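User: I'd like a close look at one part of this model, the second pocket on the list, and then whatever else you can tell me about empty space and helix packing. Keep it casual.

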Amino acid sequence: MRSCWRISGLLVSLSSIAMAVPVAAQPPAATTAPAPTESLSVEGIFGPKAVRIESVRESRWGKDGESYLALESAAQGGQDIVRYAIADGKRQVVVAASDLVPPGASAPLSIDSYEWSPDNRWLLIQTNGQRFRRTNALSDYWLYDVANKRLHKVGKDAAPSTLLYATVSPDSSRIAYVRANNIYVEPISGGAPTALTRDGDDYVVNGLADWVYEEEFSVHRAFEWSPDSKRIAFLRFDTKGVGTFDMIKNTGGQYSKVIPLQYPKAGTTNSAVTVGAIDLDGGATRWFKLSGDPRQNYVPQISWAGGAEALFIQQSNRLQNSYNVLLGDPATGAVKPILVEKDAAWVEANAAPEWLKGGGAFTWLSERDGWRHLYTVDRATGRATLRTPGKFDVVDLLHVDEKAGYAWFIASPDNPTQRYLYRTTLSGRLRVERLTPADQPGTHSYNIAPGEHWALHTVSRFDAPPVTDMLDMTRQQPLRTLAANAPLAKEVTDSGLPATEFFRVDIGGGTQLDGWLIKPPGFDPAKRYPILYFVYGEPWGQTVADRWAGAQGLWHRMLAQKGYLVASLDPRGTATPRGRDWRKSIYRQVGILASADYAAGVRKMLATRPYIDPARIGIWGWSGGGAMTQNALFRYPDLYKTGIAVAGPTDMKLYDTIYQERYMGLPDDNAEGYKNGSPITFADRLKGNLLLIHGTLDDNVHYQNQDQLVDRLIHFNKPFTMMAYPDRSHGIYEGENTSIHLYSLMTRYLETNLPPGGR
């Protein structure tokens, strides 16, 4: 689903602890600790008086690499855009909030996001964002003329909050955006918009991804300006034939409201996706001549190929085990293959490549040698040259500077629970070097400025909240701290818990699982304690990570204060940097292999840690972790006594095409795998306590999953408990007190059915 982590934020701000940035854990320490001086509570973690986390707000590096622009709240409302010199912190207001008052308005615009035109004359402001799927993408856009201090609205005749993904052309002459499923352009200085596509309707979508592309390929804006500003390349989605799933909103009034969602479930019809290029001078669209049925192939990424003469296209077959990398001619629509990436399991889409040698080569990430590595690929021949040799995975490619001769990336060759900064040469003699100092364990993230002198650097650990600083890259030393999170660090210290233990458990056959364990305060190894496992166990996540886990991590600490052992394991198939074979061992057996690994890990911990009470073993998870929780209780009913499954898929055929088929193949070709990987198949085996939780307006894992499992459990007369959160989505956070209610419910359920304390 996701690729490189490229945060642009630089300004310190405060946000809810429930949105805490992930960080990492500390090594094992003493098994005992002083009694807590302050008890954590659900209200204290999720409520209005929760300690708020210091994070960074969206901003921009200056082109010189020696300054940055930040958004700061203004006294009269709105935000000032301020430039800071990095070296000495000198502050200069570039655009004052008082200059951003629309004609006839009394208050300045509230900036959701902004973009400078390439010539720096215009400021494009996104404001008044309204919910569109997972983000507030439906917005108003305004343009501010910096020289003349004039402000005008983009798409001025459009209804409020109806434009999506507006962006400035490379020559700073025009604005393009999507409205009502069509692509529009208009002069940047003002004027009537021109519709570049006209067939957009309830079923045809231009320049905007359908639901499943957005969810699984992270495609939001599906159009790209050519570097010469003469064309716009775009994806067109014909969604006719895609199954419509009707969600029901019940809290809005006297009658329910049906919310239709076109959602292709595993094995069903996909959108037909085609790729076009619009000539802005003539208005004609040239369609690229991609092979194959557009409903049986995917186009997860397009971008211009280092210039305006060709479009870079990644096309995947439906099984996603073969990717054609193509160059498309926007004048003729002809396509030319560069390389083919294949795998016996699946291939991941690359982010837009970085172009080298004047467009003659590009960067590419591949697992072709068994590890995820960086290659440079020759455009003419398709020859790939390895730039990061070794038995380790490149986690993220962060920054490429051909002039400097380096690519910077995140990796952790020796400890898959942590993350560090490395760099490698782009040509000539190979030289891979770690830049994060060896005495700084944990999870590190970097946003590198142009010129590579400075970077925004954040480090965290499982027991240490994130600390963000302005890093001098030349010395790997912080210039100043931007967010220290001292109050959160104090909460961890005051909790009285021993340091979290990171370990590996050997389950036989040469397989070792990474794990972490939180012990209660005053832990006595002579006693037996209940243990709660936090699980995900699918190919898109990693739970055993040495990083701050936010509000959910504090809830785990709260449970430990009450007398629980809290643990997590990463079974085979999880998205950890342990090589291709580790990750893809799960192919066609999601839910099967991982649940077996988990049970083996739990049994090994029981055999080697006598302080775990075998009569009080619990497990819980969300989304894929909810499915894994169900699989655990149903498949291993004599091992687990209590489980909480939140928003979990119960039948793989109810989930979407791209995700489920990528890891399981097509339902018709792997009928037994789909059946045996689905928890609902084994519902008749339930013995323990099971709490099912789901939001009724979950557009990702539909509430239908819970209904079908509940129906099956009733059929077998199995006792269970369930909670439906009305009109909540997959995250179950909307509405006042929802998080407090949810975590209070789970806490009470555990205290009742998995009693805490050593015995």
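How much space lies in the second largest pocket?

Analyst: Bear in mind that this is a predicted model. The second largest pocket holds about 1100 Å³ of space. Its lining is made up of 37 residues, and F132, R133, I259, P260 and L261 are the ones closest to the pocket's centre.

As for where that lining comes from, three elements give two or more residues to it: β8 (122–132), β18 (244–249) and β19 (257–262). The largest share is from β19, with six residues. If you care about the chemistry of the wall, the lining splits into 17 nonpolar, seven polar and 13 charged residues.

Now for the enclosed space. The structure has two cavities of 30 Å³ or more. The second largest cavity contains about 40 Å³ of space. Its lining consists of Q630, A645, A647, G648, T650, L692, I693, H694, N705, Q706 and L709. Two elements, β44 (689–695) and α10 (704–715), each supply at least two of those lining residues. Sorted by class, the cavity lining has five nonpolar and six polar residues, with no charged ones. Set that beside the second largest pocket, where 13 of the lining residues are charged.

On to the helix packing. Helix α4 (residues 550–562) and helix α11 (residues 738–753) have axes that come within 12 Å and cross at roughly 30 degrees. Angles under 35 degrees count as roughly parallel, and α4 and α11 are therefore roughly parallel to each other. The crossing of these two helices, α4 and α11, is right-handed. On the α4 side, the contact is made by Q552, W555, M558, L559 and K562, while α11 brings Y743, M746, T747, L750 and E751. Grouped by class, the residues of this contact between α4 and α11 come out as six nonpolar, two polar and two charged.

Back to the part you asked about: if you want a starting point for viewing the second largest pocket, F132, R133, I259, P260 and L261 are the lining residues closest to its centre, and β19 is the element with the largest share of the lining.

Terms used: Residues are numbered from 1 along each chain as its sequence is written. This is a predicted model: local features need pLDDT of at least 70, side-chain atom pairs count only at pLDDT 80 or more; totals for chains, interfaces and linings use all residues. Side-chain values use heavy atoms; hydrogens and water are left out. Axes are lines fitted to C-alpha atoms, for helices over the stretch in contact, and angles run from 0 to 180 degrees between N-to-C directions. Helices (H or I, at least four residues) and strands (E, at least two) are DSSP runs, numbered from the N terminus. Angles under 35 degrees count as roughly parallel, over 145 as roughly antiparallel, 65 to 115 as roughly perpendicular and the rest as oblique. A crossing is left-handed if the near helix is turned anticlockwise from the far one by less than a right angle, and right-handed if clockwise. Contact means heavy atoms within 4.5 Å. Ala, Val, Leu, Ile, Met, Phe, Trp, Tyr, Cys and Pro count as nonpolar, Asp, Glu, Lys and Arg as charged, and the others, Gly among them, as polar. On a 1 Å grid over the protein atoms alone, a cavity is a set of points where a 1.4 Å probe fits but cannot get out, and a pocket is an open set with protein on both sides within 12 Å along at least five of seven lines; lining residues have an atom within 4 Å of a point. Grid points are joined across faces, edges and corners, and a volume is the space filled by probe spheres set on the points.
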